[in-house]
Amino acid sequence: MTSAPTATPSNSAEHPWPVRTVSQKVAGWIDRLGSVWVEGQITQLNVRPGTRTAFLTLRDPSADMSLSVTCSPQLVQNSPVPLTEGSRVVMFGKLSFWTGRGTLALRVTEIRAVGIGELLARIERLRALLAAEGLFDPRLKRPLPFLPHRIGLITGRASAAERDVLSVAQRRWPAVRFEIRNTAVQGPTAVPQILDALEELDADPSVDVIVLARGGGSVEDLLPFSDEALCRAIVRCTTPVVSAIGHEPDSPLSDYVADLRAATPTDAAKRIVPDAVAEQDLVDELRARAAAALRNWVRREEHVIEQLRSRPVLAAPLRTVERRSEEIERLRQCARRDVGRAIAAEATRIEHLEARLGTLGPAATLARGYAVVQRMVPDGDAEVLRSVDDAPPGTQLRVRVADGAVRAAVIGREK
């Protein structure tokens, strides 16, 4: 191991450090990190016979980052679980900076393969974490469009999943259009490539739905679709995402966070694209049902109209008027007769009153020989003479008889 660098003068343009000094300082700083445990996926494995060092490349499954690793060949050859490219491992070692070449490498002394049980346990812990955050909530699921104009498809190049989705979708709806992104669907480069494709399709406004499609495989093959970074990227998408990974028994975490889980890529094509023949049959059926419903409605309304027309008031509308006219004429005759009777009775009563009035009136009294004597008052009206005391001798009188009146003067009085 390189020793710690000795004290050097301050660095400036007048006093630059030589390359060896910089390399020694970098080696010293890295040496302070000590030994670390590192987890990743082996992407390159080079163990040459007769050499004293094996060279590996350890890659982060969720990011486009890698690290050079060196170890003893016996460490790889004597591993309980055979190590191959694509294996998930946990390594223990110390970082070293090689001053001669200016390279950084991890010198490991222990390698542990991550078994299927450990992978499944990690996936289960991640599933519980995402569920606790509410990322599986059905209320967050976005509805798929009935007829997407353009479908984004993320799948492996020339894969069976791509052929299934394209053939089934185009058979069901020939006018459908695809925006295809071919990426790795397994291995250490799968997650970064899928993340880039997902971000690109989500930013495309012409894409209405995105499909993640992959055929079946082992647990290790489907690990990228249970990656936390990919799951959170699916949740952040504004475009609906369909997860069609593996076969029916396979359930990567992308199935839970996606807006729709399809059992297979073929099932995804059936669920996102309507069947043109079935839709045409449905339209024909609905048109027939609508026409039948309209005919039935017209028949019902015609029956109602016939019932209304058969009613007496509409069958003979003038009959009621004629009946009312006869009744009015009868009432008019009754009224005219009653008025005539009332007039005749009043006329008779008036005659009787006239006769009584004539009998009781002054003219009839005068006709029987009586006279009305009035005292003439100077400059006044004549007053009826009621007492002899009102007519002293010489008083001018007016005597009214039946056929006229005479004037006289009082010559004397008697009581």
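These exercises work through strands, loops and a pocket of one predicted model.

Residues are numbered from 1 along each chain as its sequence is written. In this predicted model, local features need pLDDT of at least 70, side-chain atom pairs count only at pLDDT 80 or more, and totals for chains, interfaces and linings use all residues; side-chain values use heavy atoms, with hydrogens and water left out.

**Exercise 1.** Trace the strand order of the closed barrel, then find the helix that packs on the sheet.

*Solution.* Strands are DSSP runs of E, at least two residues long; helices are runs of H or I, at least four; both are numbered from the N terminus. Two strands pair if DSSP finds at least two bridges between them. The barrel has five strands in the order S1-S2-S3-S5-S4, with mixed pairing. Neighbouring strands are turned by 55 degrees against each other on average, direction ignored. Axes here are lines fitted to C-alpha atoms, for helices over the stretch in contact, and angles run from 0 to 180 degrees between N-to-C directions. Helix H1 (residues 19-31) touches S4 (88-98) and S5 (103-113). Its direction makes about 145 degrees with that of S4. Contact means heavy atoms within 4.5 Å.

Now take one pair. S2 (54-59) and S3 (66-71) are antiparallel over six bridges. Leucine 58 has leucine 67 in S3 as its bridge partner.

**Exercise 2.** Is glycine 34 buried or exposed?

*Solution.* Start with its place: the loop between H1 and strand S1 (35-46). Apply the cut-offs: buried is under 20% relative accessible area, exposed over 50%, partly exposed in between (1.4 Å probe, protein chains only). Glycine 34 counts as buried because its relative accessibility is 18%. Beyond neighbours within four places in sequence, glycine 34 contacts Gly93, Lys94 and Leu95.

**Exercise 3.** Describe the backbone and accessibility of alanine 158.

*Solution.* Locate alanine 158 between strand S6 (150-155) and helix H4 (160-172), in the loop. Its phi is positive, about 55 degrees, although it is not a glycine. Most residues other than glycine have a negative phi. Alanine 158 counts as exposed because its relative accessibility is 61%.

**Exercise 4.** Characterise strand S8 and its partners.

*Solution.* S8 spans residues 209-214, and six of its six residues are buried. Val209, Val211 and Ala213 point one way; Ile210, Leu212 and Arg214 point the other. S6 and S8 run parallel, joined by four bridges. There, isoleucine 151 has valine 209 as its partner. S8 and S9 (241-245) also run parallel, over five bridges. Alanine 213 stands opposite alanine 244 in S9.
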